[in-house]
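Here's a quick briefing to read with the structure open. Take a look at the fold before going through the notes.

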Amino acid sequence: MIDHVGISVANYERARAFYEAALAPLGYTVVVDREGQIGFGRGERAYLWMSQTANPTRPVHIAIAARSREEVHAFHRAALAAGAEDEGAPAVRYDGVSEYFGASVRDGEDRKIEAVYRS
């Protein structure tokens with residue numbers, strides 16, 4: 001069900017050191033490293049994203065796996081009809097490792113919810 005999750009942190013270096021140490025026994029390492037954002041995963045795919053932010057209390061980003069591009073479109077339409085705020089229409093995205101097709105919305109609690117189809 002979950003494709004990937006993103007968290008925001010105020011102290012990037014401290015959080016990075018913690019997650020690198022805590023996730024190492026599970027076989028997860030930094031697979032994407034760009035200014036103010038890293039992705040942890042196995043192999044080339046990142047499943048946990050960590051970003052520096054001025055507002056670390058903002059809720060997490062959750063990406064839910066879809067089975068097709070059509071499901072991504074349907075999710076986006078249904079979420080907007082249910083009152084969500086558009087955060088990104090269905091389109092090809094790039095997560096630093098690979099391309100995927102996704103769409104994002106913000107729910108009523110300001111969580112970023114994304115539907116993701118990886119072919």
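Below are some notes on the overall fold, followed by a closer look at four residues.

Keep in mind that this is a predicted model. The chain is built from two helices and eight strands, and going along the sequence you get the order β-α-β-β-β-β-α-β-β-β. Its radius of gyration is 15 Å, close to the 14 Å given by the globule rule for 119 residues, so the chain is as compact as a globular protein of that length.

**Overall shape and surface**

- If you box in the C-alpha atoms along the principal axes, you need roughly 40 × 30 × 20 Å.
- Of the 119 residues in the chain, 34% are buried.
- Looking at contacts with a separation of 6 or more, 50% come from residues 24 or more positions apart.
- The chain shows about 6,900 Å² of accessible surface, and 52% of that belongs to carbon and sulfur atoms.
- On the charge side, there are 14 positive and 17 negative side chains, and the centres of the two sets sit 2 Å apart.

**H4, in strand 1**

- You'll find H4 in strand 1, which covers residues 2-9.
- Is H4 buried or exposed? Its relative accessibility is 5%, which is under the 20% cut-off, so H4 counts as buried.
- The H4 side chain has a polar contact with the side chain of D3, at 2.7 Å, and another with the side chain of E114, at 3.4 Å.
- Setting aside residues up to four places away in sequence, H4 touches a long list of partners, including A46, Y47, W49, H61, Y100 and R118.
- E114 is also one of those partners, in line with the polar contact between the two side chains.

**Q52, in strand 4**

- Q52 belongs to strand 4, residues 45-52.
- With a relative accessible area of 40%, Q52 falls between the 20% and 50% cut-offs, so this residue is partly exposed.
- Which residues does Q52 touch, not counting those up to four places away in sequence? They are V9, A10, Y12 and G36.
- For A10 there is a polar detail too: its backbone oxygen lies 2.9 Å from a polar atom of the Q52 side chain.
- Q52 and E20 are 32 residues apart along the chain, and their C-alpha atoms are separated by 15 Å.

**A79, in helix 2**

- A79 sits in helix 2, which spans residues 69-81.
- Its relative accessible area is 13%, under the 20% cut-off, so A79 is buried.
- Beyond its neighbours within four places in sequence, A79 is in contact with A84 and V105.
- From A79 to R118 you travel 39 residues along the chain, and the C-alpha atoms of the pair are separated by 20 Å.

**A115, in strand 8**

- A115 is part of strand 8, residues 112-117.
- The relative accessible area here is 6%, so A115 is buried.
- How many Å separate A115 and A103, C-alpha to C-alpha? The answer is 5.5 Å, for two residues 12 apart in sequence.
- A103 is also among the residues that A115 touches once those up to four places away in sequence are left out. The others are I64, V72, F75, F101 and G102.

Note on methods:
Residues numbered from 1 in each chain as written. Predicted model: local features only at pLDDT ≥ 70, side-chain atom pairs only at ≥ 80, totals over all residues. Heavy atoms only, no water. Helix = DSSP H or I, 4+ residues; strand = E, 2+ residues; numbered from the N terminus. Rg over C-alpha atoms; globule rule 2.2 N^0.38 Å. Buried < 20%, exposed > 50% of the residue type's maximum accessible area, 1.4 Å probe, protein only. Contact = heavy atoms within 4.5 Å. Areas by Shrake-Rupley, 256 points an atom, 1.4 Å probe, with all protein chains shown as cover. Lys, Arg positive; Asp, Glu negative; His and termini not counted. Charge placed at Lys NZ, Arg CZ, Asp CG, Glu CD. Polar contact = N/O pair within 3.5 Å; in protein donor to acceptor, adjacent residues only side chain to side chain.
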